[in-house]
Amino acid sequence: MSTFDRLAGLPIEIEGYELEDRDRSFGEFTRPSTIIHMRGGGQEGVGEDVVYDVLDHIAQRDAGPVHDFSGPSTIGEFCELAGELDLFVGAPPAREPSRHYRRWAYESAALDLALRQSGIPLHEALGRDPKPLNFVCSTRLGGFGDDAEGSSTEPLRKRLAKYPTLRFKLDPENDWDDELIAEIKEIAGVDVLDLKGLYRGTPVDVETDPVLYRAVAEAFPGAWLEDPDLNEETRPVLEPHADRITWDAPLDSLADITSLERKPKAINSKPSRFGSLQELLSVYDHCAAEGIAIYGGGQGEQGPGRGQIEYLASLFHPETSNDVAPSGYNDPAVPDGLPSSPWDPVPSETGFRWAE
């Protein structure tokens, strides 16, 4: 039995849904978010739409709850319907991958609702025990925009002052010099270096630099090297470190993983990138069978989506360098009292929720 088959038969009754604005501004940059509240049988399920373009969210909220989800009687039927519907009413999304992100929002809300209607938590439905969750903190060492200050270790030092065992996932940027790299190496444990070599036209673009690639690969020999831009200049630089190359941005389906030029030792799995619950769970099944490690990641979730990716990581890949730290670690104020890694499981009594 596949992992998805364990959930597909869950009964569900949907009477309607509502949309909630959960946008958050970071200076000139706004991370939009829309929470899906799906209701039926006296229960509510929640999911989070992490589409990156503000106008796509506004269009959805202005249109309101226009989709009829009353027909499906099981989660499997709901997921099938979600794959058939155009969830971008009136106009296509600004970016095609957004279709996956929105589909995940609705399917995760439906899964939460079905589990709560059945009175069971996700781990019970799957027959898996949640385990202590290892996590790293992903933080930028520089700001956004042309006027942003250059990279420094101050964001690391602020977090390590309160949480000295915290480990990190970092984005090497074009202003990283030998002095800064040495300083990072001295003060912080770095598990993942996100080279962001496949991003174009985003606030986090990094210009491909083989000198930077060589410097960070050699300085952090135990770190995964995520999403490099492989070209005639960078391939020779990274070939000695080929076993540490992992992928995130180009992985939207199981087929994307099986068609990679070289079988990876590990991948970054962001549930919303895969869109459908069935696709995500097929990725878990495949990686388990093939011995491919998974470390989880998020997409700037502002609401329940964060807990859901933490829950999944606790069930399927709890011991890896999961980029799913509690959201307080991304607060510039770095609040006191945050959970430390590994984080003891905190699933809800019913549903697809974490830390409630």
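These notebook entries record what I looked up in this structure, which is a predicted model.

**Entry 1. The nonpolar core**

I began with the largest nonpolar core, which has 84 residues. Met38 and Leu122 are the residues with the most contacts inside this core. I then asked which helix gives the core its largest share. That share comes from helix α4, residues 98-118, with 9 residues.

I next listed the surroundings of Met38, leaving aside its neighbours within four places in sequence. Among the residues in contact with Met38 are Ile14, Gly16 and Tyr17. Gln43, Glu44 and Gly45 are also in contact with Met38, as are Phe69 and Phe78. The list for Met38 is completed by Tyr106, Ala109, Ala110 and Leu113.

**Entry 2. Helices α6 and α7**

I looked up how helix α6 (residues 154-162) lies against helix α7 (residues 178-187). Their axes come within 11 Å and cross at roughly 10°. An angle under 35 degrees counts as roughly parallel, and α6 and α7 are therefore roughly parallel to each other.

Which residues meet where α6 contacts α7? From α6 I noted Leu156, Arg157 and Leu160, and from α7 Glu183, Ile184 and Ile187. The residues of this contact divide into 4 nonpolar, no polar and 2 charged.

**Entry 3. Lys169, Glu226 and Asn268**

I turned to Lys169, which is found in strand β7, residues 167-170. Is Lys169 buried or exposed? Its relative accessible area is 3%, so Lys169 is buried. The side chain of Lys169 makes a polar contact with the side chain of Glu226 at 3.1 Å.

Glu226 led me to Asn268, which lies in strand β11, residues 266-269. The side chain of Asn268 also makes a polar contact with the side chain of Glu226, here at 3.2 Å. Asn268 has a relative accessibility of 1% and therefore counts as buried. I recorded a further reach of the Asn268 side chain, to the backbone nitrogen of Gly297 at 3.3 Å.

I then compiled the contacts of both residues, not counting those up to four places away in sequence. Lys169 is in contact with Val136, Cys137, Ser138 and Thr139, and with Val192, Asp194, Glu226, Asn268 and Asp323. Asn268 touches Lys169 and Glu226, and also Trp247, Asp248, Leu251, Tyr295, Gly296 and Gly297.

**Entry 4. Backbone details**

I checked the backbone for positive phi values in residues other than glycine. Phi of Lys196 is near 50°, and Lys196 lies in the loop between β8 (189-194) and α8 (210-219). With a relative accessible area of 9%, Lys196 is buried.

Phi of Asp227 is likewise positive, near 50°. Asp227 is found in the loop between β9 (224-226) and α9 (234-238). I noted a relative accessible area of 0% for Asp227, so this residue is buried.

Which two residues does a cis peptide bond join? They are Ser341 and Pro342, with omega about 0°. Pro342 is found in the segment after α13, residues 304-316.

**Entry 5. Asp336**

I looked up Asp336, which is also found in the segment after α13. Its relative accessibility is 61%, so Asp336 counts as exposed. Asp336 touches Lys162 and Tyr163, residues up to four places away in sequence not being counted. With Lys162, the contact includes a polar one between the two side chains, at 3.1 Å.

How far apart are Asp336 and Glu232 in space? Their C-alpha atoms are 47 Å apart, and the two residues are 104 residues apart in sequence.

**Entry 6. Asp23**

My last entry concerns Asp23, found in the loop between β1 (16-21) and β2 (24-26). At 29% relative accessibility, Asp23 counts as partly exposed. The side chain of Asp23 reaches the backbone nitrogen of Ser33 at 2.9 Å. Not counting residues up to four places away in sequence, Asp23 touches Thr30, Arg31, Pro32, Ser33 and Arg61.

I also recorded the separation of Asp23 from Gly307, which is 284 residues apart from it along the chain. The C-alpha atoms of Asp23 and Gly307 are separated by 17 Å.

Definitions and conventions:
Residues are numbered from 1 along each chain as its sequence is written. This is a predicted model: local features need pLDDT of at least 70, side-chain atom pairs count only at pLDDT 80 or more; totals for chains, interfaces and linings use all residues. Side-chain values use heavy atoms; hydrogens and water are left out. Axes are lines fitted to C-alpha atoms, for helices over the stretch in contact, and angles run from 0 to 180 degrees between N-to-C directions. Helices (H or I, at least four residues) and strands (E, at least two) are DSSP runs, numbered from the N terminus. Angles under 35 degrees count as roughly parallel, over 145 as roughly antiparallel, 65 to 115 as roughly perpendicular and the rest as oblique. Contact means heavy atoms within 4.5 Å. Ala, Val, Leu, Ile, Met, Phe, Trp, Tyr, Cys and Pro count as nonpolar, Asp, Glu, Lys and Arg as charged, and the others, Gly among them, as polar. A nonpolar core is a set of buried Ala, Val, Leu, Ile, Met, Phe, Trp, Tyr and Cys residues joined through side-chain atoms within 4.5 Å. Buried means under 20% relative accessible area, exposed over 50%, partly exposed in between (1.4 Å probe, protein chains only). A polar contact is a pair of N or O atoms within 3.5 Å; within protein, one must be able to donate a hydrogen and the other to accept it, and residues adjacent in sequence count only if both atoms are side-chain atoms.
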